[in-house]
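Colleague: I should like to go through this model with you, one topic at a time. Please reason briefly and end each reply on the value or name requested.

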Amino acid sequence: MALGVTLSWLILIILIPLSGLAWRSSALGWGTFWTLATDQRTVNALRISFGTAFAAALINVVFGVILAWVLVRYRFPGKRIIDAMVDLPFALPTAVAGIALTTLYAPNGWIGSLLAPLGIKIAFTPIGIVFALVFVGLPFVVRTVQPIMEEIDKEVEEAAATLGANRFQTISRVLLPGLAPAVLTGFALAFARGVGEYGSVIFIAGNLPYISEIAPLLIVIRLEEFNYPAATAIAAVMLIISFAMLLIINMIQAWSRRRYGYGS
Amino acid sequence: MEVRVQNIRKEFGRFPALNDVSLDIRSGELIALLGPSGSGKTTLLRLIAGLESPTEGTVYFGNEDASRKTVQQRNIGFVFQHYALFRHMTVLDNVSFGLTIRPSGRRPAKADIRKRALELLDLVQLSGLEKRYPAQLSGGQRQRVALARAMAVEPNVLLLDEPFGALDAQVRKELRRWLREIHDRTGHTTVFVTHDQDEALELADRVVVMSKGQIEQIGTPDEIYDTPNSPFVFGFIGESNILPVRVENGQLWIGDRSIGVSAQGEADGPGQLYFRPHDIELLDSSDGCITGLVTVTRRVAGTRHVELDIDAAHSKVEIELPPEKVTSDHSRIAFRPTRWKLFRD
């Protein structure tokens, strides 16, 4: 019964739309699909989407882990507020975030106007996209790593210290390896979110074709041109790449889980 | 190695956890810190380890002042109640950890580290499990890994914080005996914290009884049990009865009767009589004894526990009798303590 419900729900919600996509793209024929998928504008858009999402996920891993650590281990006034603020990117409509970030980083914005004289441009470049994706992806890393960190006993650190480990050795050999599976999950989630992000990016990206145009936006553009085959082709490529990357990450995770003996 | 704790005071915020505690631990000794929770026993252990630093006072390892050394420099072995194993490492890696992180000058060769770790696993009877991860072991096995890990660094002193506290009764008893064996074989100076008096009395060479941040008594298990030096120790270790009495002309009185116990040299006035349920003799006469009405009798293994209402003192005591001695409820029993201690306010 439970299995039946799960399966039918999965089929209804995920499998049917995806197979629809596969069916539409297969109807294109291999030659057409290939021409559409290797179109220079499409390739650039895909590269920008995956590249910025990857960079943003990496940045989020570093700072998300640090932020989670501070939230788990330190007591300071306003801690609960900061903890709640982490979820803001979850709750905020992404368009609002996009507009806010654009106002900040545009050449005439608060931060942008300070950077402009130095020749640094953030808004309307891929860097701006990364900024937006860092914003929306942060809670994914923090919220996956935090509960695992809370589980790490202070005693484990003390045990390492009594055995002679200095702070650096304790972090690099005891704490971080123990967190690796959770960090990887957080990375995967932030990355996946970044690849699919639309609302916050289109405001700050400037959407210059070939330079700062993301793949989801290109799909919308093609749809508006009633160019359904091109839209389908881009979507199919995104699906394949995303699926492959998540598969790889899952495999690494399963391997590390086996190795580290979690989950038993 | 000898460990000396001198006039240690430790405050957490403004709350004193330890108050002027001094303790000499002899080399090779197995010593128990026993006390109720909040007595400061774990704090004392952590101070010796260097996991806490004292507000005042000094810790010596041998003749060396260890107070200035960090926990890393003290070279101690510490075993935690909840094992604190590194769960992403195999059993072998856990045990080797302390040696592999040494700076290259003091680090043994890889093969030697492995050999030593395997020897220790053999000592703690876990041979063949070196490739397992902690999650794949039982609680008792995890604690043995933790002990092997602590011993790998050849510690100056082995410190165990409620090492059997998280284990079930059966495993606990087994490990208790086994820890004694390991200690006798390796000869490490060992201090362990426990709130379980059976554990302390059975296992330790000497027991340190602590209460409210102070040491109440230090002694062998026999001394602690047979000659407790304070009402706290008497009440905390083993079973005990307390009766309010009065000293008059070197005799103890309850109400208007003498109980046939002489307290020569004690000044006249009130006091508390402490005695253990099994340190009594039954009497036939009703002169010079304590009498009470039987309220409840219970058979507990090899003895019969009898609860008495001591009417003259308005209090209850429990005595232990041989099982063949059958008493009916509401019958009257006369007895006299054979071993006792009088505490005056």
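Modeller: Two strands are said to pair if DSSP finds at least two bridges between them. Please bear in mind throughout that this is a predicted model.

Colleague: With that criterion, how many bridges join β12(B) to strand β13 of chain B?

Modeller: Strand β13 of chain B covers residues 257-262, and β12(B) and β13 run antiparallel. One position that illustrates the pairing is Trp253(B), whose bridge partner in β13(B) is Ser258(B). The number of bridges joining the two strands is 3.

Colleague: Which residue takes a positive phi in the hairpin of β12(B) and β13(B)?

Modeller: This hairpin has 2 residues between the strands. The positive phi there is near 60 degrees, and the residue that takes it is Gly255(B).

Colleague: On the other side of the comparison, which residue takes a positive phi in the hairpin of β11(B) and β12(B)?

Modeller: Strand β11 (residues 241-248) of chain B runs antiparallel to β12(B), with 3 bridges between them. Within this pairing, Glu248(B) has Gln251(B) as its bridge partner. The hairpin has 2 residues between the strands, and the positive phi, near 50 degrees, belongs to Asn249(B).

Colleague: Which residues form the covered face of strand β12 of chain B?

Modeller: Strand β12 spans residues 251-254 and has two faces. Gln251(B) and Trp253(B) make up the uncovered one. The covered face consists of Leu252(B) and Ile254(B).

Colleague: Which are the edge strands of the open sheet of 6 strands in chain B?

Modeller: The sheet has mixed pairing and the order β6-β7-β8-β3-β9-β10. Its twist averages 15 degrees from one strand to the next. Inside it, β3 (residues 30-34) and β9 (residues 206-211) run parallel and are joined by 4 bridges, with Ile31(B) opposite Arg206(B). The strands that pair on one side only are β6 (77-79) and β10 (214-219) of chain B.

Colleague: Which helix gives the most to the largest nonpolar core?

Modeller: This core has 101 residues, and Ala32(B), Ile48(B), Leu159(B) and Val208(B) touch the most other members. The helix in question supplies 6 residues, spans 139-151 of chain B and is α5.

Colleague: How many nonpolar residues has the side of chain B that touches chain A?

Modeller: The contact involves 21 residues of chain B and 20 residues of chain A. Helices α2 (71-74) and α3 (91-100) of chain B each supply at least two residues of that side. By class, the side has 5 polar and 2 charged residues, while the nonpolar residues number 14.

Methods. Residues are numbered from 1 along each chain as its sequence is written. Chains are lettered from A and ligands numbered from 1 in the order in which they are written. This is a predicted model: local features need pLDDT of at least 70, side-chain atom pairs count only at pLDDT 80 or more; totals for chains, interfaces and linings use all residues. A nonpolar core is a set of buried Ala, Val, Leu, Ile, Met, Phe, Trp, Tyr and Cys residues joined through C-beta atoms within 7 Å. A residue is buried if 20 or more other C-beta atoms lie within 10 Å of its own, exposed if 12 or fewer, and partly exposed in between; C-beta atoms are placed from the backbone. Two residues are in contact if their C-beta atoms, placed from the backbone, lie within 7 Å. Ala, Val, Leu, Ile, Met, Phe, Trp, Tyr, Cys and Pro count as nonpolar, Asp, Glu, Lys and Arg as charged, and the others, Gly among them, as polar. Axes are lines fitted to C-alpha atoms, for helices over the stretch in contact, and angles run from 0 to 180 degrees between N-to-C directions.
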